[in-house]
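Reader: I am new to this structure and would like a close look at one helix, set within the protein as a whole. Please take me through it with care.

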Amino acid sequence: MKQSTDPLLRMSSQGDDVAEQSSNTVAAPTSSSSTETDPTSGTTVTIGATVPTGFEHTAAEEVKEKIGVDAQISKDRGRIYFPITTDKLSQVHLLRSVDNLFVVVAEYDHYQFKESKEETLSELQELASKLPWTNALEVWRLNRTLKKKKGHRKVGNTTKAKSNTEASDVAAAAEVVQHELPEETSAADGDAKAERTPDSETCQQDLDENAPGAKLIKFRVTCNRAGDKHSFSSNEAARDFGGAVQEFFQWKADMTKFDIEVLLNIHNEEVVIGIALTEESLHRRNISHFGPTTLRSTLCYGMLRLCKPQASDIILDPMCGTGAIPLEGAIEFSESFYIAGDNNDMAVNRTVNNICHIQKRRADKGSPSGLPIDTVQWDLSNLPIRTSSVDIIITDMPFGKRMGSRKKNWDLYPSCLREMARVCRPDSGKAVLLTQDKKCFAKAISRMGGLWRKLHTVWVNVGGLHAGVYLLKRTTAVFGQTPEDVHESRGRGDSQMKERDDN
Ligand SMILES: C[S@@+](CC[C@H](N)C(=O)[O-])C[C@H]1O[C@@H](n2cnc3c(N)ncnc32)[C@H](O)[C@@H]1O
């Protein structure tokens, strides 16, 4: 890495030196983000990405396909790691299956935490000054330049309200703490809490210049901790590690308007320290009109990849809600045609608005605005669609919690599966269905008279709920030839079954 005159980088180089000397005092890193430098393609660093839990392999597959490197899947579900040379950084932001990105400063597979809380916390404090920060900070800086080039006005970070689906990645046992450190109060602090103004943009530019009076860098530490054998809380780890980072770099702590977010991820004995490269999750890309159960675009992408859309496939989302799945499909797998339907007029309106919003965004950018998607209001139990005419059905069914009810699912699921089997092409047709009502789904499938065969299940976390994404294949069985295909009688039977189960 070239020598920098940036005070930030000079300081971090000191950190590198100490890290080498001190490798015996802390658990030895199994790998580091800063390994090699190729003069043509830049430094090799490790990128970490959070992905929808359950779709780690899909994300690794996408990384291989688009960046050409092998990703390592973390023990900590919902994360992958892969090496890149810095010239590939912009490509990383084009990945569709990743939520948040960070560059790894250091990772420890088997960090030996001390017995007592005090010793552990003091070791975490020492660690801050021993880490190889240089390359990660250089990537952070490059990332910021890329964003500016892309015309991002937002150069600092703000803490955003989480959408109703965003909690999905946080496992019940995990703690996530963003720690604000004690700081001196000044007039500038007051400004920082207000909306970013043109003035603050100018201040931000000062960061790029190595002027002695350059604006102080603001940071926060976010600790994600999972595991029951730790003697400390995430709050304590973030506070003590953050305090040491502050002292080492002389940065200023700011919880809401920060330039740098340092991540301290602790999962049992795995410790990864990183610097965030995304200000908000990349799943927030398509939807402007949210509904009560809008699915993250990254999860939609994972579901779409599962069914491998081919050119000219007709793909149906018969319970589309806000249209998150078919919209992601129309953008990313645009050689297929999507039909988005729902029985709720508000849902249909939201889908139409979401499609229009994307089309307008495209037109404003001067790109072709048309999308291969249409919207219909319908009842899935009675689709206005010819038998055996659809290639893929992909949908997120009501779980019966926030949407619909468990009781209604006992009638809804069998009638949906039956109607889907009618319109789906025998032999080649597929369905990818997401539900958390696993028992009801399993019973409904078992009574489909062999119209569907279950190929694969991906277990995912949706809004903190353990749900299944089922990949089904339409068998060669002809629809309408089994007693199970008779809608009315089965529907009643299933309701009675549910009542018996409840009793
Ligand atoms: C879990 S939500 C789908 C959310 C959607 N994936 C999104 O991202 O917004 C299920 C949807 O199924 C719709 N629905 C329920 N019963 C239906 C039926 N019989 N026919 C069509 N749609 C139905 C509901 O109106 C709801 O919008």
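Author: A residue is called buried here if 20 or more other C-beta atoms lie within 10 Å of its own, and by that rule 45% of the 503 residues of the protein count as buried in this predicted model. The protein has 14 helices and 18 strands, and of its contacts with a separation of 6 or more, 78% are between residues 24 or more positions apart.

The helix to look at is H2, which runs over residues 56-67. Because a helix should advance 1.5 Å a residue, the 12 residues of H2 should span 16 Å, and the distance of 16 Å between its end C-alpha atoms agrees with this. Buried within H2 are Glu56, Thr58, Ala59, Ala60, Glu62 and Val63. Among the elements that cover these buried residues are three strands, E3 (42-50), E4 (72-73) and E5 (79-85), together with helix H9 (297-306). After H2 comes Gly68, which has a positive phi, near 80°.

To set the helix in its wider context, the largest nonpolar core of the protein has 117 residues, and Val103, Ala136, Leu264 and Ile275 have the most contacts inside it. Helix H12 (residues 406-423) gives the most to this core, namely eight residues, while domain 1 (7-160 + 169-276) and domain 2 (297-502) each supply at least three. Apart from its neighbours within four places in sequence, Ile275 is in contact with residues including Phe102, Val103, Ala136, Trp140 and Ile260.

Terms used
Residues are numbered from 1 along each chain as its sequence is written. This is a predicted model: local features need pLDDT of at least 70, side-chain atom pairs count only at pLDDT 80 or more; totals for chains, interfaces and linings use all residues. Helices (H or I, at least four residues) and strands (E, at least two) are DSSP runs, numbered from the N terminus. A residue is buried if 20 or more other C-beta atoms lie within 10 Å of its own, exposed if 12 or fewer, and partly exposed in between; C-beta atoms are placed from the backbone. Two residues are in contact if their C-beta atoms, placed from the backbone, lie within 7 Å. The expected span of a helix is 1.5 Å times one less than its number of residues. A nonpolar core is a set of buried Ala, Val, Leu, Ile, Met, Phe, Trp, Tyr and Cys residues joined through C-beta atoms within 7 Å. Domain bounds come from an automatic or database domain assignment.
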